[in-house]
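Grab a coffee and open the viewer. Below is a short set of exercises with worked solutions, meant to be done with the coordinates on screen.

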Amino acid sequence: MSDLRLRTLRAFSRTPSLRAAARRYAGGPAVPVPAEQMPSLPAGPKPKGHSVVDSAIYCDGSRVASPESLADTYQVLHESPLSLAWIGLYRPDRRELNSLAQEFDLHELAIEDAIQAHQRPKLERYGDTLFVVLKAARYRDATEEVEFGEVHLFVGPDFVVTVRHAEAPNLAAVRRRVERDPELLRRGTEAVLYAIMDKVVDGYAPVVAGLENDIDEIETEVFRGDPKVSRRIYELSREVIEFQRATRPLIGMLDSLRAGFDKYGVDEELQRSLRDVADHVTQVVERVDAFRELLRDILTVNATLVAQQQNEEMKSLTVASNDQNEEVKRISAWAAILFAPTLIGTVYGMNFDSMPELHWQFGYPFAIGLMAMVCGGLHLIFKRRGWL
């Protein structure tokens, strides 16, 4: 490359909005910058509150610099206009994101989304910059729960900025993968986007397996009559719905990317790779949709079984209540029968001098006969009514 062209590229690269033009002006394959020509940067501990997890400058598929701060990254990128910068941030503050917005001409709406987080997966284009939101997921075997993470990506002609608000996804593994594959990095920032999307989508497979295992366990618990299964069905349904919200938008996002393949001149190999990611996403979405329908059916079956169990319990309670009523009737009948002679004996047991039939010769047989007659009459009446 001539000295005049190199000076022109460096002049353009000092202006963020002209950096893409510098890449187009260069033409042809990127020319690596020797490490000894890269600007020397001061090393030292990161300042307090520093959110830069890793920052790297790549040239011709190789890592040529590892700046410690955003300012150092800007400096190196200005000095090597044919390079690619990948800046990884973890929970950055507004000051850092505003610095990135000023340097790379990022849209303020995308910056607001990256600050607030808790966004749904989406893909938006602001000029030459893509803003992508991805939802990562991982299955925790210890608690049998799905944990969701979120990553925001700003993808420009010569830079990639990743903003994470959770531990997942592990982008360090993605960085190691692309650094081991210089051919992939030579394809530009779209290759980094592909690698991150591929990592996120691959992370869905263990989650699908974990959810499938949980559903199998729930089916067993439902027919076993476990009283806690309803709560577990509800919690698992919420996880499946959240997982569905994380995966389903990816289909539209990948369709949008494929629609711009020709317009933005995406490498053919990357096109095939992104189509492969789209196939995996479709499979995951179909499985998740099936999980939701299956959980709905399980919930219906569980409600039916619970209703049947309640009916059986009510039937048992009714039978027990009827038996109890029969016993009460018997007890009441015998109590009435025994009460009659007690009443007669009580009346004739009163020690009054002036009392009819007190000194009557047939008084005792009459009292006994009266008792027997009353008891017999009551027994006959209760017997006809079914109380005895």
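The exercises go from overall confidence to single residues, and the model they use is a predicted one.

**Exercise 1. Work out where the model can be trusted.**

Step 1: start with the whole chain. Its mean pLDDT is 80, and 85% of the residues reach 70 or more.

Step 2: look for the extremes. Confidence is lowest in helix α1 (residues 3-13), with a mean of 39, and highest in strand β7 (residues 159-164), with 93.

Step 3: check the start of the chain. Over residues 1-49 pLDDT stays under 50, yet the model still has 71 contacts beyond four places in sequence for this stretch.

Step 4: decide what to do with that. Predicted coordinates should not be read in detail where pLDDT is low.

**Exercise 2. Sum up the fold in a few numbers.**

Step 1: count the elements. The protein chain has 12 helices and seven strands.

Step 2: turn to burial. Of the 388 residues in the chain, 39% are buried.

Step 3: see how far contacts reach. Taking contacts between residues at least 6 apart in sequence, 66% join residues at least 24 apart.

Step 4: finish with the surface. The chain exposes about 21,800 Å², and carbon and sulfur atoms supply 53% of that.

**Exercise 3. Is Val-160 buried or exposed, and which residues does Val-160 touch?**

Step 1: locate the residue. Val-160 sits in strand β7.

Step 2: apply the cut-off. Buried means under 20% relative accessible area, and Val-160 has 1%, so Val-160 counts as buried.

Step 3: list the partners. Beyond neighbours within four places in sequence, Val-160 contacts Ala-85, Trp-86, Ile-87, Phe-154, Val-155, Thr-189 and Val-192.

Step 4: add a distance to a residue elsewhere in the chain. Ser-55 is 105 residues away from Val-160 in sequence, and their C-alpha atoms are 10.0 Å apart.

**Exercise 4. Track down salt bridges that link separate elements.**

Step 1: recall the idea. Side chains of opposite charge can pair when their charged atoms come close. The total for this model is 23 salt bridges.

Step 2: begin with the strands. Lys-135 pairs with Glu-150, with 3.4 Å between the closest N and O atoms. Lys-135 is in strand β5 (residues 129-140) and Glu-150 in strand β6 (residues 145-155), 15 residues apart. Both Lys-135 and Glu-150 are buried.

Step 3: move to the helices. Arg-287 and Glu-212 form a salt bridge at 2.8 Å, N to O. Arg-287 belongs to helix α11 and Glu-212 to helix α9 (residues 204-224), so this pair ties together parts 75 residues apart in sequence. Here Arg-287 is partly exposed at 35% relative accessible area, and Glu-212 is partly exposed too, at 34%.

Step 4: find another partner for helix α11. Arg-248 and Asp-289 form a salt bridge whose closest N and O atoms are 2.3 Å apart. The pair links Arg-248 in helix α10 (residues 229-259) with Asp-289 in helix α11, 41 residues apart. Arg-248 is partly exposed, at 41% relative accessibility.

Step 5: look for shared partners. Glu-144, Asp-214, Glu-217, Glu-221 and Arg-232 are joined into one network by salt bridges.

**Exercise 5. Inspect two non-glycine residues with positive phi.**

Step 1: take Arg-91. Its phi is about 50°, although it is not a glycine. Arg-91 is in the loop between β3 (84-90) and α4 (94-104). With a relative accessible area of 51%, Arg-91 is exposed.

Step 2: take Glu-144. Its phi is about 55°, and it is not a glycine either. Glu-144 lies in the loop between β5 and β6, and is partly exposed at 31%.

**Exercise 6. Put the annotated membrane spans next to the model.**

Step 1: read the record. An unreviewed UniProt entry lists residues 331-350 and 362-382 as "transmembrane region".

Step 2: compare with the coordinates. Residues 331-350 are 90% helix and 0% strand, with end C-alpha atoms 28 Å apart. For residues 362-382 the span is 95% helix and 0% strand, and the end C-alpha atoms lie 30 Å apart.

Step 3: examine the surface. Phe-339, Leu-343, Val-347 and Met-350 make a nonpolar patch of about 350 Å². Within this patch, Leu-343 is in helix α11 (residues 268-348) and is partly exposed, with a relative accessible area of 45%.

Key
Residues are numbered from 1 along each chain as its sequence is written. Side-chain values use heavy atoms; hydrogens and water are left out. Patches are made of residues with over 30% relative accessible area and no salt bridge: like charges are joined within 9 Å, nonpolar side chains (Val, Leu, Ile, Met, Phe, Trp, Tyr) within 5 Å. Accessible areas come from the Shrake-Rupley method with a 1.4 Å probe; for residues, only the protein chains shown count as cover. A salt bridge is a side-chain nitrogen of Lys or Arg within 4 Å of a carboxyl oxygen of Asp or Glu. Helices (H or I, at least four residues) and strands (E, at least two) are DSSP runs, numbered from the N terminus. Buried means under 20% relative accessible area, exposed over 50%, partly exposed in between (1.4 Å probe, protein chains only). UniProt positions are given in the numbering used here, feature names are shortened, and annotations may be inferred rather than shown by experiment. pLDDT is the predictor's confidence in each residue, from 0 to 100. Contact means heavy atoms within 4.5 Å.
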